Amino acid sequence: MEKENFIMKSKYPKIFEPITIKRMTIKNRVAMTPMGTNYGETSGEMSNRHMNYYSLRAKGGTGLIILENANIEYPVGSNGTSQIRIDHDSFMPRYYQLVENLHKNGAMVAIQVNHAGASASSARTGMETVSSSNIPTKAGGEIPRPMTREEILTTVKKYGEAAKRVQAIGFDAIEIHCGHSYLMSQFISPYYNKRTDEFGGSVENRLRFPKMVLEEVRKNVGPWFPIIVRISAEERVPGGNTGMWLIGGVGFLAVLFSFIVTFFPPSQLPVGSPATYTWLVVTGTAVFLAIPFIISFSMDKRNARRTPEA
């Protein structure tokens, strides 16, 4: 194992260098992006399985661990029966225990907060699903109801309240989920967003709701707490966002957050592919704006031997 570690550090020295973002110093450039575990209790609390799962990743040397998405507005924003919650102070003690444990093992810890929007289910929540417009998030899916301005303002406040809890618990950063067809993405994407008011139409208007959320979060956590934004750089649906939206969109939001976290469906990046093009746009935009960023790939098992190693 020591020999393998030496080879890795020799081959990819930058990965093992520390990096400081605002007042958070991560010991290396290895980040665990948020992934649903389905380990949450039906009450929305973290379970002992969570404690073990994340502790093992910290012990393994991961520099930054970003916990799976936590619901900020229950039940309308719920993503599943085993999703963790952060919409009430009663959920704070378990998070505190986990963060203390991960810190003892050398990891910095963030948590992703989210509202499912049209990806929720009325059969589960007992409420109408809501979104930017009446476009379902999948073929044959439940048709959502467009949110009113008053509902949007309420949700903005919910994000701010959740952020305040995140900081009080002792997390090192917060991630706002703005991708993967959840509520923020449903406003950002022209595929979903058919509104004709101040929250629809132009890129600036489609970003208005996420911008309000980020401003509310920043107001609650202060200027030195890192805010991460997860986005879908390339939606790959007719009429959806392509990599080019990042040039204007990310610049519009850049002053509010600390990193970009982006996601690509394929893990392989052959020359000339849309994924390669998007990767170049993302990295170029981030470098131009001087924003640290994380790129998250899914694994294509068919091409695993040829996928990027870093």
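**Conventions for all views.** Burial is graded by relative accessible area, calculated with a 1.4 Å probe on protein chains only: a residue is buried under 20%, exposed over 50% and partly exposed in between. The model is a predicted one, in which local features need pLDDT of at least 70 and side-chain atom pairs count only at pLDDT 80 or more, whereas totals for chains, interfaces and linings use all residues. Residues are numbered from 1 along each chain as its sequence is written, and side-chain values use heavy atoms, with hydrogens and water left out.

**Figure 1. Overview of the predicted protein, with its ten helices and twelve strands.** Helices (H or I, at least four residues) and strands (E, at least two) are DSSP runs, numbered from the N terminus. Of the 310 residues in the protein, 51% are buried. With contact taken to mean heavy atoms within 4.5 Å, residues 24 or more positions apart supply 70% of the contacts that have a separation of 6 or more. The exposed area, for which the Shrake-Rupley method with a 1.4 Å probe is used and, for residues, only the protein chains shown count as cover, comes to about 14700 Å², and 55% of it is supplied by carbon and sulfur atoms.

**Figure 2. The edge-to-face ring pair of Y39 and Y53.** A pair of aromatic rings is described by the distance of the centres and the angle of the planes. Rings of Phe, Tyr and Trp (its six-membered ring) pair if their centres lie within 6.5 Å, and planes under 30 degrees apart count as stacked, over 60 as edge-to-face and the rest as tilted. The structure holds six aromatic pairs. In one of them, the ring centres of Y39 and Y53 are 5.8 Å apart and the planes stand at 90 degrees, so the pair is edge-to-face. Because Y39 lies in the loop between strand 3 (31-32) and helix 2 (48-59) while Y53 belongs to helix 2, the pair ties together parts that are 14 residues apart in sequence. Y39 is partly exposed, at a relative accessible area of 22%, whereas Y53 is buried, at 15%. Ring pairs also bring in Y54, so that Y39, Y53 and Y54 are linked into a cluster.

**Figure 3. The buried ring pair of F187 and F199.** These two rings form an edge-to-face aromatic pair, at 6.5 Å centre to centre and with 90 degrees between the planes. F187 sits in helix 6 (residues 183-188) and F199 in the loop between helix 6 and helix 7 (203-206), so the pair ties together parts that are twelve residues apart in sequence. The relative accessible area is 0% for F187 and 0% for F199.

**Figure 4. Backbone and side-chain features around Y74.** Most residues other than glycine have a negative phi, and most peptide bonds are trans. Y74 and P75 are joined by a cis peptide bond, with omega at about 5 degrees, and P75 is placed in the loop between strand 4 (64-71) and strand 5 (84-85). The charged end of R85 sits over the ring of Y74, 3.7 Å from its centre; the criterion is that NZ of Lys or CZ of Arg is within 6 Å of the ring centre and within 35 degrees of the ring normal.

**Figure 5. The enclosed strand 6 and its partners.** Seven of the seven residues of strand 6 (residues 108-114) are buried, so the strand is largely enclosed by the rest of the structure. In a regular strand the side chains alternate between the two faces of the sheet. Here both faces are covered, by buried M108, A110, Q112 and N114 on one side and buried V109, I111 and V113 on the other. Two strands pair if DSSP finds at least two bridges between them. Strand 6 pairs with strand 4 in the parallel sense over six bridges, with I111 as the bridge partner of L67, and four bridges join strand 6 to strand 9 in a parallel arrangement, where I176 is the bridge partner of V113.

**Figure 6. The largest nonpolar core, with 56 residues.** A nonpolar core is a set of buried Ala, Val, Leu, Ile, Met, Phe, Trp, Tyr and Cys residues joined through side-chain atoms within 4.5 Å. L67, I86, Y95, I176 and F209 touch the most other members, and helix 5 (residues 149-169) gives the largest share of this core, seven residues. Beyond its neighbours within four places in sequence, Y95 is in contact with M46, L67, A70, I84, R85, I86, I111, I169 and F171. A second, separate core of eleven residues includes I26, L64, I66 and I228.
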